[in-house]
Amino acid sequence: MRYLNLPLTLVLFTSVAQGVELNEQWSVTGTLEAEYQVNRSQGKTEKGGYLSTAALGTTFKPNEKLEFNGSLLYEEDIAGVATKLEVDEAYGTWHAQPNDKLDLMLGKKYLPFGRFESKMVSDPLTLELGETRSNAALQVNHKQGNITTAAYLFKGKAPKLTGNAEHKHGYGASLRYEQANTQAGIDYISNIGEAHELNTARKIPGVALHAAKQINKVTVSAEHLSALKSLQVGDLDNEGDGGLTSKAKPSATHIEASVDLNKDRSLALAWNRTQQATALDLPKQAYGIAYQQPLFKKLNGGVELMQNKDYDKVKSKSLTLQVAYEF
């Protein structure tokens, strides 16, 4: 575990969480996730503990019409610091109509592209491919019965292939249906390359399809994300290495079945697959099993066994133990 950034993160997390006097207008939430992982690949073993997630969020509602959300996030993996402590989201919402019938949101936030829900300890490969956050986004949500539609504009960060320019503007839309035991949706974004800030000659639009169905204590879910146009030869030339040598249309699929074992315990099986995503450093296939249960009050534990296979057919196995605290 790397200790250089952890004390500052933990002190900030605990001091803010304990120092806020909550009331009807102001609420604070937080998550701490510590993991210990053993990873074996090509006869070599890597193991160690790390603070995988430290998140602190706050919501302020001065009245029924306005809401302000902000959060801090620190992330780490077994190989080193993945994300230093930063402002994860900071946006305001105007509830133009009651019961979330019409909401307008403005600020730094994650875009409604992909669902990414999972009972596994590790993130699905669909999230690794397509999770997108913008520093400046304008989003409009409309809810009618079980159907929610969203449309948004955002400021892009993905660089163009030539010069110092960026694909500055983007847009997207989402259509989702949800009731007690069923969820389905389709999302569109004008440039899926924003997720990784890909250096491309043109924008690469993307689509996400997702659905989930609960039958008694079993929930089955599936999600597929894909680029709608191919990355071209020469794209991703970030360091003068010439970029891609052949066209690629990256995609990712996640299929999962989870069982509710009562008392907030769950057992999940997941299968992931990507296609034409080797340039994004994503594995070709990943599958595994995970078990999670409460340990004490707001403290939860989980264990996961995963096997990955890269595009060069190299396999790796990992065992991850997780302890998470939420409030």
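This passage walks through the strands, cores, salt bridges and backbone angles of the structure shown above.

The model is predicted, and local features are reported only at pLDDT of at least 70, side-chain atom pairs only at pLDDT 80 or more, while totals for chains, interfaces and linings use all residues. Residues are numbered from 1 along each chain as its sequence is written, and side-chain values use heavy atoms, with hydrogens and water left out.

A good place to start is the N-terminal set of strands. Helices (H or I, at least four residues) and strands (E, at least two) are DSSP runs, numbered from the N terminus. Strand β1, residues 26-41, runs antiparallel to strand β2, residues 44-60, and the two are paired over 16 bridges; pairing here requires that DSSP finds at least two bridges between the strands. The two strands form a hairpin with 2 residues between them, and Q42 in this turn has a positive phi of about 50°. S41 has K44 of β2 as its bridge partner. On from there, β2 also pairs with strand β3, residues 66-77, again in the antiparallel sense, over 8 bridges. This second hairpin passes from β2 to β3 through 5 residues, and E75 in β3 is the bridge partner of T53.

The interior comes next. A nonpolar core is taken as a set of buried Ala, Val, Leu, Ile, Met, Phe, Trp, Tyr and Cys residues joined through side-chain atoms within 4.5 Å. Buried means under 20% relative accessible area, exposed over 50%, and partly exposed in between, with a 1.4 Å probe and protein chains only. The largest such core has 23 residues, and F113, L129, I189 and I192 have the most contacts inside it. At least two residues of this core come from each of α2 (125-130), β7 (147-155) and β11 (218-227). A second core, separate from this one, has 7 residues, including L125, A270, A286 and A290. Within the largest core, I189 is among the residues with the most contacts. Contact in the wider sense means heavy atoms within 4.5 Å. With neighbours within four places in sequence left aside, I189 touches L111, F113, T132, Y152, F154, Y171, G172, P205 and G206.

Charged pairs add another layer to the picture. The structure holds 6 salt bridges, each defined as a side-chain nitrogen of Lys or Arg within 4 Å of a carboxyl oxygen of Asp or Glu. One of them joins K61 and E67 at 3.9 Å, N to O. In this pair K61 is partly exposed, with 40% relative accessibility, whereas E67 is buried at 15%. Another salt bridge joins R133 and E86 at 3.3 Å, N to O. R133 belongs to strand β6 (residues 133-144) and E86 to strand β4 (residues 80-97), so this pair ties together parts that are 47 residues apart in sequence. R133 is buried at 19% relative accessible area, while E86 is partly exposed at 26%.

Loops take part as well. E197 and K157 form a salt bridge at 3.4 Å, N to O. E197 sits in the loop between β9 (182-189) and β10 (206-215), and K157 in the loop between β7 and β8 (169-178), so the pair links parts 40 residues apart in sequence. Salt bridges that share partners also join E86, D88 and R133 into one network. As for accessibility in the loop pair, E197 is partly exposed at 39%, and K157 is partly exposed too, at 22%.

G107 offers a view of strand β5, residues 102-110, in which it lies. This glycine is buried, with 15% relative accessibility. Beyond its neighbours within four places in sequence, G107 is in contact with A90, Y91, S134, N135, A136 and A137. G107 and Q139, 32 residues apart in sequence, are 9.1 Å apart in space, C-alpha to C-alpha.

Finally, some backbone angles deserve a look. Most residues other than glycine have a negative phi. D100, in the loop between β4 and β5, has a positive phi near 60° and is partly exposed at 40% relative accessibility. L236 also has a positive phi, about 70°, although it is not a glycine. This leucine is found in the loop between β11 and β12 (251-260) and is buried, with a relative accessible area of 11%.
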